[in-house]
Amino acid sequence: MEQNKHYAGHYTSPEFSEAIKTCKGVIITCGSCEQHGHHLPLDTDNIIGTEIALRIAEKTDLLVMPPITYGQVWSAKGFPGTISLTPDTLKRLLREIICSLEAQNIANIVLMSGHNGNYPILKDLARELRDEFGWTNIWHFPLASSKELEARAKTPAAMAPHAGEAETSMLLYLKPELVHLERATKEFPLPPADYPYRPMHWNEFVETGSFGDGSAADAEYGRQLVEYAVHTTADLINQLLR
Ligand SMILES: [Zn+2]
């Protein structure tokens, strides 16, 4: 395997020590091992999160740390292959990784998630660490998307939470060999009226685990979604991080 100069996991210890003296900091991505319908792999969020982070690193002088590939996936519990950590476990894991990085005088630590369910936990942890240690160099950025791109989708609810047109398109662009478009289903489930008001797993109202129509995906649309997320976040990082 060729060494990727934006991926810290490929550095030797002395190389890492040199690199962090001059670079802007590191990115830690938090993904998930989660069902993505019948047509996308369990690793979908890890692939999307890591690829986007590596492209952001290229434009921002950051290094990508080895990723956390399990996350908080309460909603998709009950589907084969979904492994869910409790928020406490994920927070504890991240906290110890961040403490280790802070001890090595990393300039900035950027938390990102390829999986929406992790995001509130990242934000919460950054607040806790600021209160506890006074650290102001921990950042959190969500996966950026735009209304304009949403309007370009072919099917309604393309951006719906999971394994629909948008997410399938991104994977089709990044790792087409892992997408089984012919197995994609068209499910447009309406959550029950009480869904927002009490805990409810997706398997109570979605049969295949995917929302929307993954078969409408196309790689060019996926490229636009990925590029938008990369540019928007990289621009923010370049403006905000010293
Ligand atoms: Zn996903």
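Here is a walk through this structure, from the whole chain down to a single residue. Keep in mind that the model is predicted.

Let's start with the big picture. The chain contains 7 helices and 6 strands. If you follow the elements from the N terminus on, you read α-β-α-β-α-β-α-β-α-α-β-β-α. Along its principal axes, the C-alpha trace spans about 50 × 40 × 35 Å. How does the radius of gyration fit with a compact globule? A compact globule of 242 residues would have a radius of gyration near 18 Å, and the chain has 18 Å, so the two agree. Buried residues make up 42% of the 242 residues. The chain also brings together parts that sit far apart in sequence: among contacts between residues at least 6 apart, 76% join residues at least 24 apart.

Now look for the sheet. Four strands, ordered S2-S1-S3-S4, make an open sheet with parallel pairing. At the edges you'll find strand S2 (62-64) and strand S4 (138-141), and each of these pairs on one side only. On average, neighbouring strands of the sheet are turned by 25° against each other, direction ignored.

Let's go across the sheet strand by strand. Strand S1 (residues 25-30) pairs with S2 in the parallel sense over 3 bridges, and Val 26 has Leu 63 as its bridge partner in S2. With S3, strand S1 shares 5 bridges, and the two run parallel. Here Thr 29 has Met 112 as its bridge partner. Moving on, S3 and S4 are joined by 4 bridges, also in the parallel sense, and Val 110 stands opposite Trp 139 in S4. To get from S3 to S4, the chain passes through H4, and this β-α-β crossover is right-handed.

Stay with S3 for a moment. Is this strand mostly covered or uncovered? Mostly covered: 5 of its 5 residues are buried. Ile 109, Leu 111 and Ser 113 point one way from the strand, while Val 110 and Met 112 point the other way. Whichever way they point, all of them are buried.

What about the helix in that crossover? Ala 126 is found in helix H4. Ala 126 counts as buried because 20 other C-beta atoms lie within 10 Å, and the cut-off for being buried is 20 or more. Leaving aside neighbours within four places in sequence, Ala 126 is in contact with Leu 111, Ile 138 and His 140. Take that last partner: Ala 126 and His 140 are 14 residues apart in sequence, and their C-alpha atoms are 7.8 Å apart in space.

Finally, let's look at the nonpolar core. In soluble globular proteins, nonpolar side chains tend to be buried together. The largest nonpolar core here has 56 residues, and those touching the most other members are Val 26, Ile 27, Ile 28, Ile 56, Val 110 and Leu 111. Which helix gives this core its largest share? That is helix H7 (residues 219-240), with 7 residues. Val 26, which you met in the sheet, is a good one to zoom in on. Leaving aside neighbours within four places in sequence, Val 26 is in contact with Ala 8, Leu 62, Leu 63, Met 65, Leu 101, Ile 106, Ile 109 and Val 110.

Definitions and conventions
Residues are numbered from 1 along each chain as its sequence is written. This is a predicted model: local features need pLDDT of at least 70, side-chain atom pairs count only at pLDDT 80 or more; totals for chains, interfaces and linings use all residues. A nonpolar core is a set of buried Ala, Val, Leu, Ile, Met, Phe, Trp, Tyr and Cys residues joined through C-beta atoms within 7 Å. A residue is buried if 20 or more other C-beta atoms lie within 10 Å of its own, exposed if 12 or fewer, and partly exposed in between; C-beta atoms are placed from the backbone. Two residues are in contact if their C-beta atoms, placed from the backbone, lie within 7 Å. Two strands pair if DSSP finds at least two bridges between them. Axes are lines fitted to C-alpha atoms, for helices over the stretch in contact, and angles run from 0 to 180 degrees between N-to-C directions. A crossover is right-handed if, with the strands pointing away from the viewer, the path from the first strand over the helix to the second runs clockwise. The radius of gyration is taken over C-alpha atoms; the globule rule is 2.2 Å times the number of residues to the power 0.38.
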